Amino acid sequence: MQNSLAGGAPDPGQYFDSGFLCLGLETSCDETSAAVVAGAHQIRSNVISSQIAVHQRFGGVVPEIAARRHLERIVPVVEQALQEAHASLDQIGGIAVSYGPGLVGALLVGVSAAKGLALALGKPFIGVHHVEGHIYANFLVHPELEPPALCLTVSGGHTDLVYIRAHGEFRVVGRTRDDAAGEAFDKVARLLGLGYPGGPAVEAQARQGDPQAYPMPRALAGEDTLDFSFSGLKTAVARLIQELPDRNPRTLSNLCASFQAAVVDVLVSRTVQAMKKLGVRTVLLSGGVAANGELRRRLEEAVRQQGGRLYMPPAILCTDNAAMVACAGTYRLARGERSGWDLNAVPSLALPEAPAASGASA
Ligand code: KG4
Ligand code: ZN
């Protein structure tokens, strides 16, 4: 077990005081990010150094290049985060870092930096699951928010419906059986020659298109499952492209709008199904795809129709950033949790589950 409870009872209140500064680090994929968050909810700085330009010509993230770039950027990014927060290293009370899932070489840069800083400063550090970070982007900006809640996490690597029983206790009640939603956006964008990352490009095209122009599959519709499947959608788009030799701007935007509508339909209907099944009214949205305007609008409407409330972070906190990691880490530090020097990067790390007897089952 890499995370453990510290000996002696900490005063949880001190961590939620604006005087407690947590330095967050995020290097799981293609953003090198460092943030200073005060009292779990106040963002003092959130520096995000994106590698998009580096990977764009390859059409996706190249793991070896990502790791090298993180190594080059981590120190200047931490320095900038401290500078923008008007904080010095000795004012930092704790360090939080994403230690999985993600690209192993990329994660290692953040984990090693966190350990080095913790050792040099004599301050506690805590490893955070990357998806837990995405979920906590909501707690970061909505201090009044309390579990139980249901969170739809949609990113390039994940499409999960997570029941949050209590802080730090999760139960994945639905997940993708193949591609993640963001991965589907990226693959379709690549098929259409729209570049990387695909989500924002497809969304921009879809704005001018007709969502009913082309039929798209809604996988697993009508089945008694909270799981998702998006690989058939990509195949459907590939087949349509072959059948449409004349790809003018109109067909391009219609294809994007039809694809996006299919993804959003499935995400919204499965979330509503989960709300009913689990009896949950508080719903959170997180992950890179949560930046999608159509998903935000449609999900908010659907949750409201069920008598619930949807919480979502602003778009900049939906994609990878270290402020969300600092927030999740602060909640863990406040519960007395600490990571040991044996903390390692875990590329396929599972979300910490609630005990079977205490969580919702689905
Ligand atoms: O959370 P994130 O930054 O990284 C992962 O943890 O994967 O998510 C990145 C994903 C990419 O697949 C990207 O195409 C997608 O989020 N994305 C979007 C939008 N912005 C980012 N997908 C749909 N619409 C968007 N506006
Ligand atoms: Zn992410």
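Is Leu220 buried or exposed? Leu220 is buried, with a relative accessible area of 15%. Keep that residue in mind: it returns in one of the close-up views below, which are drawn from a predicted model.

**View 1. Three side chains hold the zinc ion (ligand 2).** Here you can see His130 and His134, each through NE2, together with Asp320 through OD, coordinating the zinc ion (ligand 2) at 2.0 to 2.1 Å. Along the chain, these donors follow the spacing H-x3-H-x185-D. His134 sits in helix α5 (residues 130–141), while Asp320 comes from the loop between β11 (309–311) and α11 (322–334), so this pair ties together parts that are 186 residues apart in sequence. Both His134 and Asp320 are buried.

**View 2. A network of salt bridges links Glu132, Arg332, Arg335 and Glu337.** Stay with helix α5 for this one. Glu132 in helix α5 and Arg332 in helix α11 are 200 residues apart, and their pairing links distant parts of the chain. The closest N and O atoms of this salt bridge are 2.9 Å apart. Glu132 is buried at 1% relative accessibility, and Arg332 is buried too, with a relative accessible area of 6%. In the other part of this view, Glu337 and Arg335 meet in a salt bridge at 3.4 Å, N to O. Glu337 is buried, with a relative accessible area of 13%, whereas Arg335 is partly exposed at 30%. Side chains of opposite charge can pair when their charged atoms come close. In total, the structure holds 17 salt bridges.

**View 3. Glu301 and Arg297 form a salt bridge within helix α10.** These two residues are four apart, about one turn of the helix. Their side chains meet at 3.8 Å, N to O. Both ends can be followed at the surface to some degree: Glu301 is partly exposed at 36% relative accessibility, and Arg297 is partly exposed at 44%.

**View 4. The largest nonpolar core brings together 52 residues.** Good places to start looking are Met216, Phe230, Phe259, Leu267 and Leu285, which touch the most other members. Several elements each supply at least two residues of this core, among them β7 (149–154), β8 (159–166), α6 (181–191), α7 (198–206) and α8 (231–243). Helix α9 gives the most, with 15 residues. Zooming in on Phe230, and leaving aside neighbours within four places in sequence, you will find contacts that include Thr159, Asp178, Ala181, Ala184, Val263, Val266 and Leu267. A second, separate core of 36 residues includes Val131, Phe139, Val325 and Tyr331. In soluble globular proteins, nonpolar side chains tend to be buried together.

**View 5. Val289 is buried in a loop.** The loop in question runs between β10 (282–286) and α10 (293–305). Val289 has a relative accessible area of 10%. Beyond neighbours within four places in sequence, Val289 is in contact with Val154, Ser155, Ala181, Gly182, Phe185 and Leu295. Pro200 is 89 residues away from Val289 in sequence, yet the C-alpha atoms of the two are 8.8 Å apart in space.

**View 6. Two loops carry cis peptide bonds, and two others hold a residue with positive phi.** The bond from Gly100 to Pro101 is cis, with omega near -10°, and Pro101 is found in the loop between β5 (92–100) and α4 (104–121). The bond from Pro147 to Pro148 is also cis, with omega near 5°; Pro148 lies in the loop between α5 and β7. Next, look at His86, which has a positive phi of about 55° although it is not a glycine. His86 belongs to the loop between α3 (63–84) and β5, and is exposed at 70% relative accessibility. Leu220 now returns, with a positive phi of about 65°, in the loop between α7 and α8. Most residues other than glycine have a negative phi, and most peptide bonds are trans.

**View 7. Cys22 and Cys29 are shown in a structure with zero disulfides.** Cys22 is in no disulfide, and the nearest cysteine sulfur, that of Cys327, is 9.0 Å away. Cys22 is buried, at 0% relative accessibility. For Cys29, the closest cysteine sulfur is in Cys318, 16 Å away and therefore too far for a bond. Cys29 is partly exposed, with a relative accessible area of 25%.

Methods
Residues numbered from 1 in each chain as written. Chains lettered and ligands numbered in written order. Predicted model: local features only at pLDDT ≥ 70, side-chain atom pairs only at ≥ 80, totals over all residues. Heavy atoms only, no water. Donors = N, O, S within 2.8 Å, 3.2 Å for Na, K, Ca; no water. Buried < 20%, exposed > 50% of the residue type's maximum accessible area, 1.4 Å probe, protein only. Contact = heavy atoms within 4.5 Å. Core = buried A, V, L, I, M, F, W, Y, C linked by side-chain atoms within 4.5 Å. Disulfide = S-S within 2.5 Å. Salt bridge = Lys/Arg side-chain N within 4 Å of Asp/Glu carboxyl O.
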